[in-house]
Amino acid sequence: MKDNLLKRNWNGDGKCCICAQNKTVQHMFFECTMARYIWSLVAMVVGVDCGPVSWESFWIWVEMFMPRVVKFHMVGLAGTCWAIWRARNNICFEQKFVRSHTEIVRLASSLISFWAELQTEEEGKALEEGSEALKSAALHFHPRSPSDGSAGTVLLQ
Ligand SMILES: [Zn+2]
């Protein structure tokens, strides 16, 4: 990740291209409006009111609310952060707006599905269920509509 940041001339400070607050790694993955929204969808799938707000709180959060699937904590974190990272890069460097939050959640869930294929049948099934639940939650709040071109704007608010 650091290489990517250096390639893109990221010098470790400055303002977030989405919300103009101070840009830190913590901000990009947990505090930015877009990240907070994605984590709130994850929280909803898990069945709780609020998601993790920092790296430290993620580990406490999963231990508290997902104690029976310890093996999946890292893949959940990786999938979610990877999707947030991709969406941020599209917005900040490629000027590609995300059409819908559903796209970001689908990215996260596709990584989780890929991971599921590498697991034993039972564990893979559990991961696949989690991945599907994430997609349904996103679709519930952001049903696909050909005329919906406003979600990119939502990300920038
Ligand atoms: Zn931000």
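The legends below describe three close-up views of a predicted model.

**View 1. The zinc site, with four protein donors.** The zinc ion is bound by Cys16 (SG), Cys19 (SG), His27 (NE2) and Cys32 (SG), at 2.1 to 2.3 Å. The site is tetrahedral, and the angles among its 4 donor atoms run from 93 to 120 degrees. For comparison, the ideal angle for four tetrahedral donors is 109.5 degrees. Along the sequence, the donor residues follow the spacing C-x2-C-x7-H-x4-C. Cys19 and Cys32, 13 residues apart, link distant parts of the chain. Cys19 lies in the loop between helix H1 (2–7) and helix H2 (25–31), and Cys32 in the loop between H2 and H3.

**View 2. The contact of helix H3 with helix H4.** Helix H3 spans residues 33–46 and helix H4 residues 55–65; their axes come within 12 Å and cross at roughly 15 degrees. Angles under 35 degrees count as roughly parallel, and H3 and H4 are therefore roughly parallel to each other. Their crossing is right-handed. From H3, Trp39, Val42, Ala43 and Val46 meet Phe58, Trp61 and Phe65 of H4. The residues of this contact comprise 7 nonpolar, no polar and no charged.

**View 3. The surroundings of Gln26 in helix H2.** Setting aside neighbours within four places in sequence, Gln26 is in contact with Glu31, Val53, Ser54, Trp55 and Glu56. Of these contacts, Val53 is 27 residues from Gln26 along the chain, with 8.6 Å between the C-alpha atoms of the two residues.

Notes:
Residues are numbered from 1 along each chain as its sequence is written. This is a predicted model: local features need pLDDT of at least 70, side-chain atom pairs count only at pLDDT 80 or more; totals for chains, interfaces and linings use all residues. Side-chain values use heavy atoms; hydrogens and water are left out. Axes are lines fitted to C-alpha atoms, for helices over the stretch in contact, and angles run from 0 to 180 degrees between N-to-C directions. Helices (H or I, at least four residues) and strands (E, at least two) are DSSP runs, numbered from the N terminus. Angles under 35 degrees count as roughly parallel, over 145 as roughly antiparallel, 65 to 115 as roughly perpendicular and the rest as oblique. A crossing is left-handed if the near helix is turned anticlockwise from the far one by less than a right angle, and right-handed if clockwise. Contact means heavy atoms within 4.5 Å. Ala, Val, Leu, Ile, Met, Phe, Trp, Tyr, Cys and Pro count as nonpolar, Asp, Glu, Lys and Arg as charged, and the others, Gly among them, as polar. Donors are N, O and S atoms within 2.8 Å of the metal (3.2 Å for Na, K and Ca); water is not among the atoms, so sites may look incomplete. Four donors count as tetrahedral if all angles lie between 85 and 135 degrees; four count as square planar and six as octahedral if opposite donors are over 155 degrees apart and all others between 65 and 115; anything else is irregular.
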